[in-house]
Amino acid sequence: MVKVAVAGVKESAGREFLNLLNENGFMADDVFALEAKSPLGTIVSYGEDDELDVYSLDEFDFKQVEAVVFATTKEIGRRYIKKALSAGCKVVDLSGATFTEADVPLIIPEINGDLLNGGVKAVGVPSSAVYQILLPLANALKEHKLERLVVTMFNSASYYGHQAMDELFSQSRKIFLNESLADNQMVFKKQIAFNVLPQVGEFIGEETSLEWAINAEIKKVLNSDIKVHANCAFVPTFIGDAAFVNAAFADEVDATAVRSSMQSVKNVVVFDKTVDAGYVSVDDVQGEDSVYVSRVRQDVSVESGISFWTVADNLRSGSAKLAYEVLKEILPVQPA
């Protein structure tokens, strides 16, 4: 049986990846949980009945496993991915640490999975935002040349992890109890409860880090100089992201045909009815593996374009599930 390590098990995406391994039949003895700093005796739940010891990345012998999934921060990834590769492990990078490495592809299997045929050692996966933007277009991209994307992204507090979700809960509770929010803005720059904040990540010039990442990652996944403009905002939800996507093509496209092509993309569910509540919302997709699409329509503001609404569980579908799909591609990952 293949043995797998997961680095970053204290992060939401890392915990979700452990859940996926358990659901797919990986025994606890074949899974190693890792953290940058892990005091002796630290454990993490694995399924309903098992627990895993959490090992320190500094002390862990990577030769014990065939693959490592890094669901850590970028800084931690930069420190330890090379160590894992030197030990002969294959790496799936959720941290973004390998993004600038030319020999490390950024993979969405349904779009550019052919890049894995050469036996690569390290594979990056894009942000959950890019996954739910591009995946519904996988079939359309085979038939039409995409020239421009304009994205309006609505991000949940989970982008910043469990501390951000705790802050949203705490602020909401205090508002209901008419308590002061003083000293209760530790993660977000402004009040997040019952508010919308047009900043996701730190500023890089006029863009925020997620807006920059969406632009750069889309170009790398598609191997294209496509024009991309992203706008990202935090909304007061705990888990699940949503986006309006406007896609302009070089040749004529029909929204009805694109909607039909989306229905046959693996891991995409189209629920699109022009009636009240005939669409999917963030609340509908928590815990779901798929990317959901609604409101596919012609974009009449450009010569040849369509727009659509997409929602996904950013921790489950856009991070852990994508990483698991990539892992299956680079290893004979079959549970016992």
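**Architecture of the predicted model**

Helix H7 (209-222) lies across strands S8 and S11, and its direction makes about 140 degrees with that of S11. The model in which this packing is seen is a predicted one. Both strands belong to an open sheet of 6 strands, arranged in the order S11-S8-S12-S15-S14-S13 with mixed pairing. The edges of this sheet are formed by S11 and S13, each of which pairs on one side only. From one strand to the next, the twist averages 20 degrees. Within the sheet, strand S8 (residues 146-155) and strand S12 (residues 241-249) run antiparallel and are joined by 8 bridges. In this pairing, Leu149 of S8 stands opposite Ala247 in S12. A further helix, H8 (residues 255-262), lies across S13, S14 and S15, running at about 165 degrees to S14.

Strand S15 (residues 305-312) contains Ala312. This residue counts as buried because its relative accessibility is 1%, under the 20% limit. Leaving aside neighbours within four places in sequence, Ala312 is in contact with Gln132, Gly240, Asp241, Val285, Ser290, Val291 and Ser317. Ala312 and Ile133 are separated by 179 residues in sequence, yet their C-alpha atoms are 10.0 Å apart in space.

A second sheet was also identified. It is an open sheet of 7 strands in the order S3-S4-S2-S1-S5-S6-S7, with mixed pairing. Strand S3 (43-46) and strand S7 (122-124) each have a single partner strand, so one side of each is left without a neighbour in the sheet. The twist in this sheet averages 25 degrees from one strand to the next. Helix H2 (residues 74-86) packs on the sheet, where it touches strand S5 (67-70), strand S6 (90-93) and S7; the directions of H2 and S5 make about 170 degrees. Strand S1 (residues 4-7) and strand S2 (residues 31-35) pair in the parallel sense over 4 bridges, with Ala5 opposite Phe32 in S2.

At the edge of the 7-stranded sheet, S3 pairs with strand S4 (residues 50-56) in the antiparallel sense, also over 4 bridges. The two strands form a hairpin with 3 residues between them, and Gly47 in the turn has a positive phi of about 70 degrees. Ser45 has Glu51 as its bridge partner in S4. The faces of S3 are distinct: Val44 and Tyr46 make up the covered face, whereas Ile43 and Ser45 make up the uncovered one.

Positive phi values were also found outside glycine. Most residues other than glycine have a negative phi. Asn223, by contrast, has a positive phi near 50 degrees. Asn223 is placed in the loop between H7 and strand S11 (227-234), and it counts as exposed because its relative accessibility is 73%. Ala277 likewise has a positive phi, of about 65 degrees, and is found in the loop between strand S13 (268-270) and strand S14 (291-298). With a relative accessibility of 54%, Ala277 therefore counts as exposed.

The nonpolar interior comprises separate cores. In the largest, which has 86 residues, those with the most contacts inside the core are Phe17, Leu21, Ile133, Leu149, Ile214, Ile218 and Ile306. Helix H9 (residues 316-330) supplies the largest share of this core, 7 residues. Not counting residues up to four places away in sequence, Ile214 touches Ala129, Val130, Ile133, Val228, Ala230 and Cys232. Apart from the largest core lies another, of 20 residues, among them Phe62, Val65, Ile76 and Val91.

Over the whole protein chain, 9 helices and 15 strands are present. A compact globule of 336 residues would have a radius of gyration near 20 Å, and the 20 Å of the chain agrees with this value. The C-alpha atoms fill a box of roughly 60 × 60 × 40 Å along the principal axes. Of the 336 residues, 55% count as buried. Among contacts with a separation of 6 or more, 66% are accounted for by residues 24 or more positions apart. The chain exposes about 15900 Å², of which carbon and sulfur atoms supply 48%.

Note on methods
Residues are numbered from 1 along each chain as its sequence is written. This is a predicted model: local features need pLDDT of at least 70, side-chain atom pairs count only at pLDDT 80 or more; totals for chains, interfaces and linings use all residues. Side-chain values use heavy atoms; hydrogens and water are left out. Two strands pair if DSSP finds at least two bridges between them. Axes are lines fitted to C-alpha atoms, for helices over the stretch in contact, and angles run from 0 to 180 degrees between N-to-C directions. Contact means heavy atoms within 4.5 Å. Buried means under 20% relative accessible area, exposed over 50%, partly exposed in between (1.4 Å probe, protein chains only). The radius of gyration is taken over C-alpha atoms; the globule rule is 2.2 Å times the number of residues to the power 0.38. Accessible areas come from the Shrake-Rupley method with a 1.4 Å probe; for residues, only the protein chains shown count as cover. A nonpolar core is a set of buried Ala, Val, Leu, Ile, Met, Phe, Trp, Tyr and Cys residues joined through side-chain atoms within 4.5 Å.
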